[in-house]
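Reader: Hi, I have a structure open and I don't know where to begin. Can we go through it together?
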Amino acid sequence: EVTQVLFNAQSIDGTVRKNAEESLKQFQEQNLPGFLLSLSGELANEEKPIETRKLAGLILKNALDAKEQHRKFELVQRWLSLDATAKSQIKACLLQTLSSPVLDARSTASQVIAKVAGIELPHKQWPELIGSLLSNVHQLPAQAKQATLETLGYLCEEVSPDVIDQDQVNKILTAVVQGMSSSEGNTDVRLAATRALYNALGFAQANFSNDMERDYIMRVVCEATLSPEVRIRQAAFECLVSISSTYYEKLAPYIQDIFNITAKAVREDEEPVALQAIEFWSSICDEEIDILEEYGGDFTGDSDIPCFYFIKQALPALVPMLLETLLKQEEDQDQDEGAWNIAMAGGTCLGLVARTVGDDIVPLVVPFIEENISKPDWRQREAATYAFGSILEGPSPEKLIPLVNVALTFMLSALTKDPNSHVKDTTAWTLGRIFEFLHGSVVDSPIISQANCQQIITVLLQSMKDTPNVAEKACGALYFLAQGYEEMGPSSPLTPFFQEIVQSLLTVTHREDAGESRLRTAAYETLNEVVRCSTDETAPLVLQLVPVIMMELHNTLEGQKLSSDEREKQSELQGLLCGCLQVIIQKLGASEPTKYVFMQYADQIMGLFLRVFACRSAT
């Protein structure tokens, strides 16, 4: 009686659960065909509780596929060698489940059918599958239609395009695009169809080469972006994003309409839809950046696809739309590492636009910066700063340096004096971008002079005491500041501040809250860069750092009893300290005098490293 066992396998009582898992394992080992059959029977049986049906489907799916390649291969071979009668009974149960009134059962069956198809179709088995799915699509009830479209979508995800012949591809696309059209009254069917198209786009090469078919697909996708159901609009924009990279060279006739649709969605629609609408333009930028890099700018390159300059043409309308998004920040986005919202998506896209068109973007963004940078509302100040930071990669130094010279003093002052943490966070990030792209041997006219170097360092070290997110960005800025002086010959402008910089960074690593916003990691990465780019003048100070870092590493090895969470933090710290010692060893080992002095520590360091190996932690 598999139902009871599947029920017990989800029990909150550990012993009951363990026993159930054990019996399932035995059943599988003793009689695999019987085991898989009873699972598929459970999934198909409308009398059974949904919990056991869902678990039966899940176990079935895991019997067909695994993440690890060699395990996956075993499972595929095992299925192929299974008794044919058992296999066709299992497949019949799965297909029957597609018309179940229970959503979870249908959805699970869809996934399992796709896994079986992924194994069998390449071996020319189950040839009737696609035909029988397609005959389902024209049937009612709606739920069977929805499940079948979902299955076709999963199927396209599982098999490669060469496995399905063009005639069947045409039929699948016809069914999917019909299910998407606005005449389809059932929302669930239309959503399943739109998601299925997303997976089927890779199969549509021939269809996108045919003007009539392409026009039809594009029209239906664009109509779906106007559906009253938000999930359909989002799925339709996801299709457009995928089309923009897969069929870039086919977009010209549609680009004006797509601009209008995306602009409306970005300004008025709910966030998940607006994010995909911005993503469309980011994706077009990615395509054009790649094409222009292959051309090398002189059009003698061998890119098969011409650049249509969609971004350049859209600039006058696209840039204002993106600048508007920058004002839609969320209150706590700086504290949340996984944060992603309209303002961040808009800024990211603006940065890609700057890399695509270069100098042309600057006059379109500067008025926005000038207008908002001193406004009383923090949102306007932050948006202006973000806009400035976003356009620093792409345009030429000649175009940017005059702006940076004006902005630098202002930004250093904002980083210490602005009352708002968001503004400080973005200001520190922007300074980092200034030092990354416009400072160092690549630039003819330096933006950092004796006069402002002292002020820059004072401000950055001050900011390292700020909240973790601001401090982390200040470390990043210092990182690029140091990097820019790497090729500067025997003397570095940072030399007089070396001791103070190293001390400040070590202080940051000991902050109570250094675990937040990647702060501790950023401080060590910056310390490493400062050491790596230092000159012979500061070698004695680097030598003084050796026993300090050794002591820190030694302290992580002293055996206090740690919880698993603390142990993980501990290994991370050991990794950072070993990384730091590595940079110091390379630096001091590169010249004879320092190498000779350093040798006094070699034995102890080796001893520490061996103890770290003994900790058995991957990092």
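Author: Let's start with empty space. The model is predicted, and its largest cavity holds about 70 Å³ of space.

Reader: OK. How many cavities of 30 Å³ or more are there?
Author: There is one.

Reader: Which residues line the largest cavity?
Author: The lining is made up of Ala482, Tyr485, Ser492, Leu494, Thr495, Phe498, Val530, Cys533, Ser534, Thr535 and Thr538.

Reader: And how do they split into nonpolar, polar and charged?
Author: Six residues of that lining are nonpolar and five are polar, with no charged ones.

Reader: Moving on to pockets. What volume does the second largest pocket have?
Author: About 460 Å³. Helix 26 (519-532), helix 27 (539-557) and helix 28 each give two or more residues to its lining.

Reader: Which helix gives the most?
Author: Helix 28, with eight residues in the lining of the second largest pocket.

Reader: How many residues line the second largest pocket, and which lie nearest its centre?
Author: It has 20 lining residues, and those nearest the centre are Gly515, Arg520, Lys569, Gln570 and Leu573.

Reader: How does this lining divide by type?
Author: Eight residues of the second largest pocket's lining are charged, seven are polar and five are nonpolar.

Reader: Back to helix 28. I clicked on Gln574. Where is that?
Author: Gln574 sits in helix 28, which runs over residues 564-589.

Reader: Is Gln574 buried or exposed, and why?
Author: Gln574 counts as buried because its relative accessible area is 5%, and the cut-off for buried is under 20%.

Reader: What is Gln574 in contact with, leaving aside its neighbours within four places in sequence?
Author: With those neighbours set aside, Gln574 contacts Leu553, Thr556, Leu557, Val612 and Cys615.

Reader: New topic. Which domains does the domain assignment give?
Author: The assignment gives domain 1 at 1-126 and domain 2 at 545-618.

Reader: What distance separates the centres of domain 1 and domain 2?
Author: Taken over C-alpha atoms, the two centres are 50 Å apart.

Reader: What does the UniProt annotation say about residues 20-100?
Author: The unreviewed UniProt entry annotates residues 20-100 as "domain: Importin N-terminal".

Reader: How much helix and strand is in residues 20-100?
Author: That span is 78% helix and 0% strand, and its end C-alpha atoms lie 27 Å apart.

Key
Residues numbered from 1 in each chain as written. Predicted model: local features only at pLDDT ≥ 70, side-chain atom pairs only at ≥ 80, totals over all residues. Heavy atoms only, no water. Helix = DSSP H or I, 4+ residues; strand = E, 2+ residues; numbered from the N terminus. Buried < 20%, exposed > 50% of the residue type's maximum accessible area, 1.4 Å probe, protein only. Contact = heavy atoms within 4.5 Å. UniProt positions renumbered as here; feature names shortened; annotations may be inferred. Domains from an automatic or database assignment. 1 Å grid on protein atoms, 1.4 Å probe; cavity = no way out; pocket = protein on both sides within 12 Å on 5 of 7 lines; lining within 4 Å. Points joined across faces, edges and corners; volume = space filled by probe spheres on them. Nonpolar A, V, L, I, M, F, W, Y, C, P; charged D, E, K, R; others polar.
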